[in-house]
Amino acid sequence: MTEKNLKDRRFYKAQQEIDFVEKQSSTPQTQDPAYRLAFQDNDFLLREELRPVRFQLELLKPEMLLDEANIESTFVIYGSARIGDKESAQKKIDAAKTERDLEIANRLMKKARYYDEARKLGRLASECGINEPDGKRHFVVCSGGGPAIMEAANRGADDADKESIGLNIVLPFEQAPNAYVTPSLSFQFHYFALRKMHFLLRARAVAVFPGGFGTFDEFFELLTLIQTGKMSPIPIFLFGSDFWNRVINFDELALEGTISTKDLDLFQIVDDADEAWEKTKEFYALKDC
């Protein structure tokens, strides 16, 4: 450090302080955990009382890296980790040992087309994504980073030679990022709440493919945020009229009086990627692509 320039730092950077620590002599005092720098002390950072700090770190890290990558907005794609392509569906059919297993496998085969639609939507959003003069990028594909529908979304972006985001979550069983997520945009979360927050902070359109509890959780939370006015409306697409009209009776929910009839306008049911992308363009009055 110097004292000549008004812009020079007057304190050492954290990394420099770490270098100083590594050169210290080893004594009983310097070897005790109490002497560790707090930000280098994992045992301290993982204490129960430090949860608020970990929340903040998990909010900040993706936010800062996405800002540095000039990602202004995203096209979020939700969907099942079990609906793969036709090849994976056929393997489940071949492995079925009971009538119920075979029925489930056959239904997954029927839904395998949604893998192709998610891949196509990822490609369309990536090819037509807007780049501003200052380098800010829009409609960058964002998925949960896992297999099946999530993989298809990232794969579509890869087909267009574009970057895409994966927001993975730590689970008791193995959960690895799919191979199509851009490595520098592949994030891992401990807290579901922070992960869901990052899904929507930059979202300008959301596609919800058939899925299970996780997909329903993300979808209904999104609807609740818009319904209650906490979030401005964005295009929300439910892919698969046959699936959604069968597993949820939205009209009955409105007739029961537990939601307003106008809440049914918060989302649109579609069956193909072209329709979803065209409606996204209409919503934002986009003429390109």
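In this predicted model, helix 8 (residues 149-159) makes a good starting point: its buried residues are I149, M150, A152, A153, N154, G156 and A157. What covers them? Strand 1 (74-78), helix 7 (113-127), strand 2 (140-143) and strand 3 are included in the cover over the buried residues of helix 8. Just after helix 8 comes D161, whose phi is positive, near 60°.

## The sheet

Several of those covering elements belong to a sheet, so let us look at the sheet itself. It is open and built from seven strands with parallel pairing, in the order 4-3-2-1-5-6-7. Which strands sit at the edges? Strand 4 and strand 7 (268-270) do, and each of them pairs on one side only. From one strand to the next, the twist averages 25°. As general background, strands of a sheet pair through backbone hydrogen bonds, either parallel or antiparallel.

Strand 3 (residues 165-169) has a partner on each side in the order given above. With strand 4 it pairs in the parallel sense over four bridges, and with strand 2 it pairs in the parallel sense over two bridges. Looking at single residues, L167 has F187 of strand 4 as its bridge partner, and N168 has Q188 of strand 4. On the strand 2 pairing, S143 stands opposite G166 in strand 3.

Is strand 3 largely enclosed or largely open? Five of its five residues are buried, so strand 3 is largely enclosed by the rest of the structure. I165, L167 and I169 point one way from the strand, G166 and N168 point the other way, and all are buried.

Strand 4 (residues 186-189) shows another pattern, with side chains that alternate along the strand. F187 and F189 point to one face and are buried, while S186 and Q188 point to the other face and are not buried.

Helices lie across the sheet strands too. Helix 4 (residues 51-68) lies across strand 3 and strand 4, and runs at about 170° to strand 4. Helix 7 lies across strand 1, strand 2, strand 5 (203-208) and strand 6 (236-239), and runs at about 175° to strand 1.

## The nonpolar cores

In soluble globular proteins, nonpolar side chains tend to be buried together. Here the largest nonpolar core has 36 residues, and the members that touch the most other members are I165, L200, V206, V208, F219, I236 and F267. Which element gives this core its largest share? Helix 10 (residues 213-227) does, with four residues. Apart from this core lies another one, of 26 residues, among them L124, V141, I149 and F237.

Two members of the largest core are worth a visit. Leaving aside neighbours within four places in sequence, V206 is in contact with F75, V76, Y78, L200, L222, I234, P235, I236 and F237. F219 has its place in helix 10. With sequence neighbours within four places left aside again, F219 is in contact with V208, I236, L238, F250 and F267. F219 and V208 are eleven residues apart in sequence, and their C-alpha atoms are 7.0 Å apart in space.

## A buried serine

S80 lies in the loop between strand 1 and helix 5 (86-95). A polar atom of the S80 side chain lies 2.8 Å from the backbone nitrogen of R82. Not counting residues up to four places away in sequence, S80 touches P147, A148, I149, P210, G211 and T215.

The table gathers relative accessible areas for four residues mentioned in this report.

| Residue | Relative accessible area | State |
|---|---|---|
| S80 | 9% | buried |
| C128 | 13% | buried |
| C142 | 2% | buried |
| F219 | 0% | buried |

## The cysteines

A disulfide is a covalent bond between the sulfur atoms of two cysteines. How many disulfides does the structure hold? It holds zero. Why does C142 not form one? The cysteine sulfur closest to that of C142 is in C128, and it is 18 Å away, which is too far for a bond. For comparison, a disulfide needs the two sulfur atoms within 2.5 Å.

Methods: Residues are numbered from 1 along each chain as its sequence is written. This is a predicted model: local features need pLDDT of at least 70, side-chain atom pairs count only at pLDDT 80 or more; totals for chains, interfaces and linings use all residues. Side-chain values use heavy atoms; hydrogens and water are left out. Buried means under 20% relative accessible area, exposed over 50%, partly exposed in between (1.4 Å probe, protein chains only). Two strands pair if DSSP finds at least two bridges between them. Contact means heavy atoms within 4.5 Å. A nonpolar core is a set of buried Ala, Val, Leu, Ile, Met, Phe, Trp, Tyr and Cys residues joined through side-chain atoms within 4.5 Å. Axes are lines fitted to C-alpha atoms, for helices over the stretch in contact, and angles run from 0 to 180 degrees between N-to-C directions. A polar contact is a pair of N or O atoms within 3.5 Å; within protein, one must be able to donate a hydrogen and the other to accept it, and residues adjacent in sequence count only if both atoms are side-chain atoms.
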